[in-house]
Amino acid sequence: MPEKSIFSAIGRRKEAMAQVNVRAGKGAITVNGNPFEEYFCTSAQRMIAMQPLVTTETQKRFDIQIRAKGGGLEGQAGASSMALARALIQVDAAFRAVLKKQGLLTRDSRMKERKKSGQPGARKRFQFSKR
């Protein structure tokens, strides 16, 4: 590990944003001051957020602090995953190839489509009446 002690990165998905601080430790993870298991309630959310650590096999090597905001828990889990992958690359550049192959460094650019003026929603239209 390089001489720098704390590695920081940002990840985004949909409207969610997560900032991650990674330091050498024993595997303690907190999200917005709460334990990881309490914040991400479902196993799917936990799996998404921890995917970079599982891929690089570094679950017990780092203490991780995540600050997530915006969007919902699924989006925050995806944003945390991306931020964690970016931070791990700062720790060791050799992780880049493994994380890139799993698609963990690619930003998911899908966003909610905006509502159009004069209509009830993004795609919905008012009822058409022929007569």
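Reader: How many bridges pair β2 with β5, and in which sense?
Author: This is a predicted model, and in it Met17 stands opposite Lys69 of β5. The two strands, β2 and β5, run in the antiparallel sense, and their pairing counts eight bridges.

Reader: Met17 must have a partner in β1 too; which residue is the bridge partner of Met17?
Author: β1 and β2 run antiparallel and are joined by eight bridges. They make a hairpin with two residues between them. Across that pairing, the residue bridged to Met17 of β2 is Arg12.

Reader: And which residue in the turn of that hairpin has a positive phi?
Author: The turn lies between β1 and β2. A phi of about 50° belongs to Lys14.

Reader: Let's go inside. Which element gives the largest share of the largest nonpolar core?
Author: That core has 31 residues, and those with the most contacts inside it are Val22, Ile64, Ile66 and Leu99. Elements giving two or more residues to it include β1, β2, β5, α2 and α4. The largest share is nine residues, and it comes from α3.

Reader: Take Val22, then. Which residues does Val22 touch, leaving out those up to four places away in sequence?
Author: Val22 is one of the residues with the most contacts inside the core. Its list includes Ser5, Ile6 and Phe7, and also Phe62, Asp63 and Ile64. The rest of the list is Leu84, Ala87 and Val91.

Reader: How do α2 and α3 lie, roughly parallel or roughly antiparallel?
Author: Their axes come within 7 Å and cross at roughly 15°. Angles under 35 degrees count as roughly parallel. So α2 and α3 are roughly parallel.

Reader: What is the handedness of that crossing, and which residues of α2 make the contact?
Author: α2 passes α3 in a right-handed crossing. On the α3 side the contact residues include Leu73, Ala77, Ser81, Leu84 and Leu88. From α2 the contact is made by Gln45, Ile48, Ala49, Gln51, Pro52, Leu53 and Thr56.

Reader: Ser80 caught my eye. Is Ser80 buried or exposed?
Author: Ser80 has its place in helix α3, and Ser80 is among the α3 residues in the contact with α2. Leaving aside neighbours within four places in sequence, Ser80 is in contact with Ala18, Val20, Phe40, Ala49 and Ile66. The cut-off for buried is under 20% relative accessible area. Ser80 has 1%, so Ser80 is buried.

Key: Residues numbered from 1 in each chain as written. Predicted model: local features only at pLDDT ≥ 70, side-chain atom pairs only at ≥ 80, totals over all residues. Heavy atoms only, no water. Core = buried A, V, L, I, M, F, W, Y, C linked by side-chain atoms within 4.5 Å. Buried < 20%, exposed > 50% of the residue type's maximum accessible area, 1.4 Å probe, protein only. Helix = DSSP H or I, 4+ residues; strand = E, 2+ residues; numbered from the N terminus. Contact = heavy atoms within 4.5 Å. Pairing = 2+ DSSP bridges. Axes fitted to C-alpha atoms, helices over the stretch in contact; angles between N-to-C directions. Parallel < 35°, antiparallel > 145°, perpendicular 65-115°, else oblique. Left-handed = near helix turned anticlockwise from the far one by under 90°.
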